[in-house]
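Reader: Could you show me the structure and let me ask about the reasons behind the labels?

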Amino acid sequence: MFNAYSDPPTATMQRIKGVTTGSLPTFIDISANFGATSIEEDSILSRLNATGKRVAFMGDDTWMNLYGDLIDPSASFPYDSFNVEDLHSVDNGVITHMFPLLRQTEKTWDFLVGHFLGVDHAGHRVGPGHATMRSKLLQMDQVLRDVVEALDEDTLLVVIGDHGMDTKGDHGGDDPWETSSATWIYSKIIPLQTIPSERLPASLLLNTTFPSAPTSHRSIQQIDLVPTISLLLGLPIPFNNLGVVIPELFARGDELDQALRLNTRQIADYLQTYRTSPSGADLDDTWPLLELKRSSVLRAKEGFMEEAHIYARSALQVCREMWAQFSMTTIILGLLVMLATVPVTATISQCLDPQDDQWLLDSIVASCAAFVVTGLLVYVTVSIGKGLVTISPFQLALFGASSMGSVVLTFRTRFRRLKRTPTPPILILLLQSILLFSNSFVFWEERVLPFLLPTSLTSLTFSLISATSKKLQRRGLFYGAVFLLCVRLMSLSTVCREEQGSYCHVTFYSSSIVPSPPLPILVAIIPVALTLPTLVRRFMRIAAADHGLAPLTIEIYFRAVLLGGTAFWFLDWAENHQTTVLLEGTHFGGSAIRTIRTVIARVVAWSMGVGLALWSASPLNLAIRKQTDPTGRLSVQVIGFSNSFGSFYLSFLCIIFSIIWLSSQLPGQLVLALGLAALLSYLEFIDTVRDVRNPAQQRPYQLPTLEEVLPLALLGLESFYATGHQATLNSLQWKSAFIFSADRGTLSPITVTLNTLGPTIFFAMCVPLLALWAIEPLNATTPLRARRREVLAGSLKSFLLLSNYHAVVLLAAAACAMIQRRHLMVWKVFAPRFMVAGLCSIAVDLAGIAAMFGGVSTVVYRASSTYQGVGQ
């Protein structure tokens, strides 16, 4: 029995690759877990096939994707591996097909693989602490007893876990819970070991301690199974193996000596071949040390086993470090492109002029033309002179095109007058960016954000404190306090990183080992879903802009879809609590619940599409009141006129909010509700600050500023953490992949993305409200056409400022990952934070494009058609 270490990423496809080839997965391989393709590397299965041995298989269909052509078609029984809702079908199928093969008198197979999935799926569905997990483990215990009973004397049994799971039942990362799994090797009659372990060199028998275990246990690398099984089967070791034979299994006579010699020669041949390959320069720094250790093996007599083991482990460590290589040329070019975009977007946002939109259009056309022409020229030139540069023509062309586009945009702003940006928001952004270089800040970023958010309101609050109107002062401070209260309540929702240890307590789930919603959430979420539409309409009513179709869209449609999204996750929770019944054979309850919640999810999704179509064709949220004075003169009053833009755009956002609500678990839904309340309070807070700073009855239109955008940017990031996420792979909520279907479907990546980045996307799409909220379509000094240009410019500027914020954070995260690339924590801390920054930046930019073309443009068009001819 061994404690086996699985190299991260601890996903099924990568671990199957590891235990069959002996090679190491790469960090980016995690993406292949959703679409595994055939492995052409040398492996145990390819060696079996080459010697005419027959391989039988049943279980996880990932094996068929990787080795389908090496498995006997008549003894192949694959099952879908992504239906985490189903805890039993795969296991039952393996049991059904495996035992007849085990009990054959004349074996029709030489190597049998049975890959059970019930324990893995139970971990994902209900966590390791649930009663369902205990039931599955008991079932597996009985299966193992039956397998041992069915074994004949010539069959070797190897039982492994391809990976572990964290305290929530997930995996994919690199914490000890995920990288530790048991390995049991058993022979019924033939002894595996005739020499006692005490007589083997102690340096070959390492021990590790599993988390929370009272004692240490014999440990191996999981890839050590590859040379071990290969030699036990009389097969050559796969060429690119980096594992070392397990000593106890060769402790018979001089077999261990022979096995280590074959193992050492195989690793040396592999390294020598790699050394002569185009990538061989990677070994330049460590090659002398490796050769010195290999020479020690060749010279050793008494201590041969120790020297051979040291050489094999040194090769493994060198390759682990070597394959975390970095192309400094492309990294620096990428950083330069990111660095160029920051001042460009900043200056463009400051140069926007609502009265001169032709300048912006000309600048964009010139930049695009420069991008295309430069890219083509560089690509053709580098392709002709191929071999003169070390990076691909496409990469160099992309760099050149991006750089030239930035240069052209910068050149276009040289004669424009730049508006001064207040210092406090810049200091906060710089502080946040600099702190990314600290691993402690990355560990605790979600705890720092609730303090950065109030700080970002400092300059705005000072304007209220100095206000001459006490009414405006009280109003502004009240909405500011509500905003901060909502942010503080959001921050109470947490999931913990491994590094936070005992200083963090999970509140997003009921406990760190049971991934179900806490009881207070179950009690509160339905009332919240019922009252949230009322709150939205209440804020619309401040400017009386809750008429038209607003009662229908907000009070009925919005409430219905929120209740639908909540019902979906309630049924998910109910199904998880019925799994013990399912194990006893009553399948109707679970399947009925699963069908109902899937139908609810699809109805909510379809209603979003219908809602967007109806919204785009609906009138503004206005009411018309006609009155006749005593003289008979007719007067027309437009109710909701002062917030025509903002109210109608908010109706659009509520439709977007509904699909993100559906993709979020119940605790995340409560966080989203608090975030929406915070957003609405912040809009009224900003409106009050503007009234204080411009007390004129008809204040001039002001484009949004960085100090107004920054709190929303921080709110979007806070919502990412508060909805149960961290900058770690194991915080991904895989349940969301099965919202529309119990099986893996084409929509699964979309729903996981919405679950992870949806809150950030939503609050990014909310930024135009800073340019639209409480803005009259026209007044005595500003005609409709001018106002239309102003709100479009303001919406665009708000997005540019938000994009600039994320570009700065991304630049800092990328620079940090580059500088800290040899840091002990790079793959655990800095690289994942860089990935989050990159994904957030992409998501925000795409959300901005969608909101400008799908939301803001529709709002402006509807307002223009409504008020056309008024005031002329």
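What follows is a conversation about how some labels in this predicted model come about.

Reader: Let's start with isoleucine 44. Why is isoleucine 44 called buried?

Author: Happy to explain! Buried means under 20% relative accessible area, and isoleucine 44 has 2% relative accessibility, so the residue counts as buried. Isoleucine 44 sits in helix α2, which covers residues 44–50.

Reader: Which residues does isoleucine 44 touch, not counting those up to four places away in sequence?

Author: With those neighbours set aside, isoleucine 44 touches Val19, Thr20, Phe111, Val226, Ile229, Ser230, Leu235 and Pro238. As for a residue that is elsewhere, the C-alpha atoms of isoleucine 44 and aspartate 546 are separated by 68 Å, with their positions 502 residues apart along the chain.

Reader: What makes phenylalanine 441 buried?

Author: The cut-off is under 20%. Phenylalanine 441 has 7% relative accessibility, and therefore counts as buried. Its place is helix α16, residues 439–443, and phenylalanine 441 touches Gln432, Leu435, Leu436 and Val448, leaving out residues up to four places away in sequence.

Reader: Now to the pair of helices α21 and α25. Why is α21 called roughly antiparallel to α25?

Author: The axes of α21 (residues 550–576) and α25 (residues 666–693) cross at roughly 150° and come within 9 Å. Angles over 145 degrees count as roughly antiparallel, so α21 is roughly antiparallel to α25.

Reader: Which residues make that contact?

Author: From α21 there are Phe558, Gly565, Thr566, Trp569 and Phe570, and from α25 there are Leu666, Gln669 and Leu676. Sorted by class, the contact of α21 with α25 has five nonpolar, three polar and no charged residues.

Reader: What does leucine 670 touch?

Author: Leucine 670 is found in helix α25. Apart from residues up to four places away in sequence, leucine 670 touches Ile521, Ile525 and Val528. The C-alpha atoms of leucine 670 and glutamate 306 are separated by 58 Å, and the two residues are 364 apart along the chain.

Reader: How do you know that serine 736 is buried?

Author: Again the test is under 20%. Serine 736 has a relative accessible area of 1%, so serine 736 is buried. Serine 736 lies in a loop, between α26 (706–722) and α27 (748–765).

Reader: Which residues does serine 736 touch, beyond those up to four places away in sequence?

Author: Serine 736 touches Trp569, Ser663, Thr751, Val752 and Asn755. Take Thr751: its C-alpha atom and that of serine 736 are separated by 5.8 Å, though the two are 15 residues apart along the chain.

Reader: What makes alanine 544 partly exposed?

Author: Partly exposed lies between the limits, that is, neither under 20% nor over 50%. Alanine 544 has a relative accessible area of 25%, so alanine 544 is partly exposed. Alanine 544 lies in the loop between α20 (519–541) and α21.

Reader: And why is alanine 774 called partly exposed?

Author: The reasoning repeats: with a relative accessible area of 25%, alanine 774 is partly exposed. Alanine 774 is found in the loop between α28 (769–772) and α29 (784–819).

Reader: What is phi at alanine 544 and at alanine 774?

Author: Phi of alanine 544 is near 60°, a positive value in a residue other than glycine. For alanine 774, phi is near 55°, likewise positive in a residue other than glycine. Most residues other than glycine have a negative phi.

Reader: Last, the cavities. How many have 30 Å³ or more?

Author: There are seven cavities of 30 Å³ or more. The second largest has a volume of about 110 Å³.

Reader: How do the residues lining the second largest cavity divide by class?

Author: They divide into six nonpolar, three polar and three charged. The lining residues include Lys168, Asp170 and Lys735, as well as Trp734 and Phe738. Asp and Lys count as charged, while Trp and Phe count as nonpolar.

Conventions
Residues numbered from 1 in each chain as written. Predicted model: local features only at pLDDT ≥ 70, side-chain atom pairs only at ≥ 80, totals over all residues. Heavy atoms only, no water. Helix = DSSP H or I, 4+ residues; strand = E, 2+ residues; numbered from the N terminus. Buried < 20%, exposed > 50% of the residue type's maximum accessible area, 1.4 Å probe, protein only. Contact = heavy atoms within 4.5 Å. 1 Å grid on protein atoms, 1.4 Å probe; cavity = no way out; pocket = protein on both sides within 12 Å on 5 of 7 lines; lining within 4 Å. Points joined across faces, edges and corners; volume = space filled by probe spheres on them. Axes fitted to C-alpha atoms, helices over the stretch in contact; angles between N-to-C directions. Parallel < 35°, antiparallel > 145°, perpendicular 65-115°, else oblique.
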